[in-house]
Every structure is written in C-alpha cells, then in structure tokens.
Amino acid sequence: MSGSDYESEYDEGPPAAVGLASLLSGPSYPQDDDNGESVDTEHVKLFYGDIFAAPPNSVLIHACNCQGSWGAGIALKFRQTYPAAYSIYRDHCLSSPSPALILGTTLLIPPQRTDPCNHWIACMFTSVHFGRRVDPPEKILESTASAFEHLLSRVKNTPGGVPGALHACKINSGKFGVEWEKSRTILEDSLAAEGKDRILFVYEPTCGEIEREKLEEAAQNSKATGAGSRGRRKSKGGLGRGQQTLKF
Ligand SMILES: Nc1ncnc2c1ncn2[C@@H]1O[C@H](COP(=O)(O)OP(=O)(O)OC[C@H]2O[C@H](OP(=O)(O)O)[C@H](O)[C@@H]2O)[C@@H](O)[C@H]1O
C-alpha cells in the first residue's frame, strides 16, 4: 500500500449513525460540556456511541493493566467480543519477566480471523495493577503518554497490513479513576507533536449502553457472589446517568 493510501486511512471516521443521538435526528456528537466549553480539541473528537460499531480495520484503543486480566468495565466486553485477541494480550502479559516491564507500552493486536468485526485492538498498558492496587493517577498519566507514543509509532510501522483510523473509549476514566480531561490532554499533545492530521475518535457511551453496562456488571457480580437475582439492578426506564449530559 502506498503512503497516500495510508494517509487516507486516517480519515475514516466513526459509523454514520452513532447510538441514541442518531435516533433523535440531531448531531451525533456533543458540542460542549456542562460548562459550555468545547469538548473537541484539534485532534481528539468526541462522539456518542458504541466503540465496537467502529468501521472494519479501525484500531480500538483501551487502557489495560499488565496482569493479563480483562476482567471488568470495557475490557470485559473486549474479552467477550474478541476472545482470540484476549488470548494474545494474556500471553503477552504472562510472558513478560515482570508485569512492570510492559508498563507504558502498547500491544497492537491485528484483526484475528476467528474474532468478529476485523478490528485491530490496541492495549495501552497504563497501570501495572488493577482494583485496589491500581497505580496512582499521576503514574497512570505518565504511562499513558509513553504508551500512546508507542502506539503511534506501531501504527506507522506495522508490517503486514495497515491499521485504519484510531478509535478510543475514554481511557483511564472508569475503573482506573483518572479524570478524562487529563488523559485527553496527553492524547491531544501526542497527536499534535506527531505533526500529522491524524484524528482520534473518542466514544462516550449513550445512556442505553450505560444502563446495559450496569446490568451486565451487576449480573457478573451476582454470579461471582452467588447472590443470584438479588444482586441485580433493574432499569426503571427513566433517564440514564449519561442522558443528562446529552446536548443536541
Ligand atoms: N461500548 C462502549 N463504547 C464506548 N465506551 C465505552 C463502552 N463501554 C464502556 N465504555 C467506557 O469506557 C471507559 C473506560 O472505562 P473502564 O472502567 O472500562 O476502563 P479504564 O480505562 O478506566 O480502566 C481499565 C481497567 O479496567 C479493567 O478492569 P480490570 O483491571 O480487568 O478489573 C481493565 O482490565 C483495565 O485494567 C468509560 O468511560 C466507559 O464508560
């Protein structure tokens, strides 16, 4: 593939219809945050929707621990959806002499024949541990900067196939507990420093997806504790947490 073909791959954006916003026939991206400030920066654009609906050949980016566990949050969805990629991630972690050695790097997994959707999966190692032993936010941000630089260089120099556009969830902002704006600044700065017009598409789940995520997590927890249906939280059909922030 020629250089110009490669450049054109950068432009491949999110799917035309993204989540709830498209159903309401308004714009599918948020214009500003609760303080009226723009949520988009030059290279990082925010959309409502499901990252797994990104076009084929896209790179789906998420933050990972170095222990070989995709046990919760969006990582669990990655494990359920892309079992072959999960096994590559797990082998990569377990074959490292020490988990800390892969911190601040990114594993870029090409689409696997037996996984759906033909997506590349980028695992940014931003914390050695997870749960109560998660790295402190400053350390996570430091690792995010080097892992993202590593990813950009991997994307440029990948033998045997060219990854498409970059699509990310709001990395570090859930289980890792780091304010999204801080990670976003790092991603924006790295992309600006790269000096190309590459865009990073970032997804904010819609209220329906957040509801589903909560239900799935509750079901998972109740399975783990043996609490059965007692542990489940039911949707009452009202506004979801994210819905209050939707602006059209
Ligand atoms: N379908 C979807 N489309 C788009 N965005 C979606 C989505 N579903 C959820 N999100 C959002 O994706 C963001 C990240 O939130 P997460 O809590 O998952 O990840 P994180 O980056 O803070 O932390 C990583 C550790 O969490 C895990 O848990 P374990 O360590 O295994 O226990 C891993 O393994 C890591 O280690 C949040 O904004 C979610 O709303």
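A residue is called buried when its relative accessible area is under 20%. With that cut-off in hand, two residues of this predicted model can be placed.

Ser127 belongs to strand S4, which covers residues 120–127. Because its relative accessibility is 0%, Ser127 counts as buried. Its side chain has a polar partner: one of its polar atoms lies 2.6 Å from the backbone oxygen of His129. Beyond its neighbours within four places in sequence, Ser127 is in contact with several residues, including Cys64, Asn65, Cys66, Leu103 and Phe176.

Ala168 sits in strand S5, residues 166–169. With a relative accessible area of 1%, Ala168 is likewise buried. Its C-alpha atom is 6.2 Å from that of Phe201, although the two residues are 33 apart along the chain. Phe201 is also one of the contacts of Ala168 that remain when neighbours within four places are left aside; the others are Ile51, Ile61, Leu200, Val202 and Tyr203.

What about the ligand? It is surrounded by 26 residues, and the closest are Gly71, Ile74, Asn172, Gly174 and Lys175. Oxygen atoms of the ligand take part in several polar contacts with the backbone: one lies 2.7 Å from a polar backbone atom of Gly71, one is 2.7 Å from a backbone N or O atom of Ile74, and one is 2.6 Å from a polar backbone atom of Lys175. On its own the ligand has 770 Å² of accessible area, and the protein covers 92% of this. Strand S2 (59–65) and helix H3 (73–81) each give two or more residues to the shell, with H3 providing the largest share, four residues. Sorted by class, the shell holds 13 nonpolar, eight polar and five charged residues.

Technical notes. Residues are numbered from 1 along each chain as its sequence is written. This is a predicted model: local features need pLDDT of at least 70, side-chain atom pairs count only at pLDDT 80 or more; totals for chains, interfaces and linings use all residues. Side-chain values use heavy atoms; hydrogens and water are left out. Buried means under 20% relative accessible area, exposed over 50%, partly exposed in between (1.4 Å probe, protein chains only). A polar contact is a pair of N or O atoms within 3.5 Å; within protein, one must be able to donate a hydrogen and the other to accept it, and residues adjacent in sequence count only if both atoms are side-chain atoms. Contact means heavy atoms within 4.5 Å. A residue is near a molecule or strand if one of its heavy atoms lies within 4 Å of it. Accessible areas come from the Shrake-Rupley method with a 1.4 Å probe; for residues, only the protein chains shown count as cover. Ala, Val, Leu, Ile, Met, Phe, Trp, Tyr, Cys and Pro count as nonpolar, Asp, Glu, Lys and Arg as charged, and the others, Gly among them, as polar.
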